[in-house]
Amino acid sequence: MGRGAEALAACRTGRAAFGDDAVLCFLEATLWEAAGDLPLAEKTLRDLLAKEKEWYFAPGGVTLVEARQNLGVVYRRMKRDAAAEAQWKRVTRDEPGFAPAWAALGDLYTTQKRWEDALDALKRAAEHRSAGARGDALGRQVRQQLVRAYAALERRAEALAACREGRTEFGDD
């Protein structure tokens, strides 16, 4: 764990001194997840999302949407797909333009072979993804899953169109 252990210790020290800091809580959860301690990552994110605690959210800092998105990721890694889906649906309801949640739902539905749901979620993810490297990475992933979903539904013309659009936008990945 090395430097991760140092970072986790720094977060815990910071939370002991400034327990109402949402960013430190979020970072601690991220570090627990990276360390593979998914139950502690879940607990920390659930603490962050608990309504009875008043958190300090710095401008430009972590948001409840990001915390809920990450809790969905933790649930998915724990193979608790229904709980992950509930988190991501809440994110898309609260923040309909948050592409990572739509992409996560699309990925979940693809693995569950819920092709129509996957197409809907993936199209929304593509529609809302941001510019830049992170948006491009998400865009590539979404485009590949769209092609897979269209192909599974035997909608070959749409699969080919999505493939061509992806090659135009992203080159010969």
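**Exercise 1. Which residues of H2 and H4 meet in this predicted model, and how are the two helices arranged?**

Solution.
Step 1. From H2, the residues Phe 26, Thr 30 and Glu 33 take part; from H4, their partners are Glu 66, Ala 67, Asn 70, Val 73, Val 74 and Arg 77.
Step 2. Two packed helices are described by the angle between their axes and the distance between the axes.
Step 3. For H2 (residues 22-34) and H4 (residues 64-77), the angle is about 20° and the axes lie 11 Å apart. Angles under 35 degrees count as roughly parallel, so H2 is roughly parallel to H4.
Step 4. The crossing of H2 and H4 is left-handed.

**Exercise 2. Determine what span H9 should have, and where its buried residues lie.**

Solution.
Step 1. Helix H9 has 15 residues (156-170), which at 1.5 Å a residue should span 21 Å. Its end C-alpha atoms are 20 Å apart, in agreement with that value.
Step 2. Ala 159, Ala 162, Gly 166 and Phe 170 are the buried residues to consider in H9. Viewed down the helix axis, the buried residues of H9 fall within an arc of 65°, and therefore line one face.
Step 3. Ala 157, Arg 164 and Thr 168 are exposed on the other side of H9.
Step 4. Just after H9, Gly 171 has a positive phi of about 80°.

**Exercise 3. Is Tyr 109 buried or exposed, and which residues does it contact?**

Solution.
Step 1. Tyr 109 belongs to helix H6 (residues 99-111).
Step 2. Its relative accessible area is 6%; buried means under 20%, so Tyr 109 is buried.
Step 3. Apart from neighbours within four places in sequence, Tyr 109 contacts Glu 85, Lys 89, Arg 114, Asp 117, Ala 118 and Ala 121.

Technical notes:
Residues are numbered from 1 along each chain as its sequence is written. This is a predicted model: local features need pLDDT of at least 70, side-chain atom pairs count only at pLDDT 80 or more; totals for chains, interfaces and linings use all residues. Side-chain values use heavy atoms; hydrogens and water are left out. Helices (H or I, at least four residues) and strands (E, at least two) are DSSP runs, numbered from the N terminus. The expected span of a helix is 1.5 Å times one less than its number of residues. Buried means under 20% relative accessible area, exposed over 50%, partly exposed in between (1.4 Å probe, protein chains only). The arc is that of the directions from the helix axis to the C-beta atoms. Axes are lines fitted to C-alpha atoms, for helices over the stretch in contact, and angles run from 0 to 180 degrees between N-to-C directions. Angles under 35 degrees count as roughly parallel, over 145 as roughly antiparallel, 65 to 115 as roughly perpendicular and the rest as oblique. A crossing is left-handed if the near helix is turned anticlockwise from the far one by less than a right angle, and right-handed if clockwise. Contact means heavy atoms within 4.5 Å.
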